[in-house]
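Hi everyone, thanks for coming. I'd like to walk you through one chain today, so please have a look at the picture before I start talking.

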Amino acid sequence: KIVSSSVYHYLTSKKMEPTDAMRLGTAVHTALLEPDKFDEDVVVMPDLNLRTKAGREQRDLIYNSINKGQVVITEAQLEIVQGIERNFKQDRLAQAICEGGIVEASHYGEIQGIKIRCRPDVYQLERGIIADVKTCADNSPKAFKSSLYKLGYHLQAVFYCEALKSITDRNFDPL
């Protein structure tokens, strides 16, 4: 929002309701980086026939009973999460980056006199590594690169590097 409009627009805009893709991303993030919180933070909506009154009532009951901060995903999305989790556990590089890393830690500092907050998904201070879990509709290199720039992830990477450097006095380089 800040990049495409302005800080003012970001600060004055209504909070965006999470999309299905955002909910899926949150569920994947939790499954990979905070698996002990998955059952607490993620609610799986059973397949319901929403054309019936009973189906709609059951859906409403589930939505009304969830706690603030919980994310609701479908059973089909759960299968996607589980597939990504299986692949993640088999990827030695991903495991090496995340193993022993600091997960979901907020840091506060200043860059050029502006107060900042930085919350990388995972980082390893000693190795100068920052990892951020991202999901995408198409993981081919060309499509992912396009999504990366479209969603401003390259700017986020530079911000995380600069923020952590200003806070920890250690170098982090965006790749």
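Let me begin with a question for you: does Phe172 count as buried or exposed? Before the answer, a quick word on what you are looking at. This is a predicted model, so local features need pLDDT of at least 70 and side-chain atom pairs count only at pLDDT 80 or more, while totals for chains, interfaces and linings use all residues. Residues are numbered from 1 along each chain as its sequence is written, and side-chain values use heavy atoms, with hydrogens and water left out.

Now the answer: Phe172 counts as buried, because its relative accessibility is 5%. Buried here means under 20% relative accessible area, exposed means over 50%, and partly exposed is in between, with a 1.4 Å probe and protein chains only. Phe172 lies in the segment after helix 8 (153–168). Helices (H or I, at least four residues) and strands (E, at least two) are DSSP runs, numbered from the N terminus.

What surrounds Phe172, leaving aside neighbours within four places in sequence? Its contacts (heavy atoms within 4.5 Å) include Tyr123, Gln124 and Leu125, then Gly128, Ile129 and Ile130, and also Cys161, Leu164 and Lys165. Arg127 is 45 residues away from Phe172 in sequence, yet their C-alpha atoms are 8.6 Å apart.

Let's step back to the whole chain. It has eight helices and seven strands, and its C-alpha atoms fill a box of roughly 60 × 45 × 35 Å along the principal axes. Of the 175 residues, 26% are buried. If you take the contacts with a separation of 6 or more, 54% of them join residues 24 or more positions apart. The exposed area is about 12,600 Å², and carbon and sulfur atoms supply 52% of that; the areas come from the Shrake-Rupley method with a 1.4 Å probe, and for residues only the protein chains shown count as cover.

On to the cores. A nonpolar core is a set of buried Ala, Val, Leu, Ile, Met, Phe, Trp, Tyr and Cys residues joined through side-chain atoms within 4.5 Å. The largest one has 17 residues, and Ala27, Phe38, Val42, Ile73 and Val81 have the most contacts inside it. Helix 2 (20–33), strand 2 (71–74), helix 5 (75–90) and helix 6 (92–98) each supply at least two of its residues. Helix 2 gives the largest share, six residues. A second, separate core has eight residues, including Ile116, Cys118, Cys161 and our friend Phe172. Back in the largest core, Phe38 touches Ala27, Thr30, Ala31, Leu78 and Val81, again setting aside neighbours within four places in sequence.

Next, the strands. Two strands pair if DSSP finds at least two bridges between them. There is an open sheet of three strands in the order 3-6-7, with antiparallel pairing. Strand 3 (102–103) and strand 7 (129–131) sit at the edges with a single partner strand each, so one side of each has no neighbour in the sheet. Strand 3 pairs with strand 6 (residues 122–124) over two antiparallel bridges, and Ile102 has Tyr123 as its bridge partner in strand 6.

Val103 also belongs to strand 3. It is partly exposed, at 30% relative accessible area. Beyond its neighbours within four places in sequence, Val103 is in contact with Leu33, Glu34, Asp121 and Val122.

Strand 4 (residues 107–111) and strand 5 (residues 114–118) pair in the antiparallel sense over five bridges. Gly109 is matched with Ile116 in strand 5, and that is the Ile116 of the second core.

I'll finish with backbone angles. Most residues other than glycine have a negative phi. Which residue in the hairpin of strand 4 and strand 5 takes a positive phi? That is Gln112, near 50°, in a hairpin with two residues between the strands. Gln112 is exposed, with a relative accessible area of 79%. Glu104, in the loop between strand 3 and strand 4, has a positive phi of about 50° although it is not a glycine. Glu104 is buried, at 16% relative accessible area.

That's my tour, and I'm happy to take questions.
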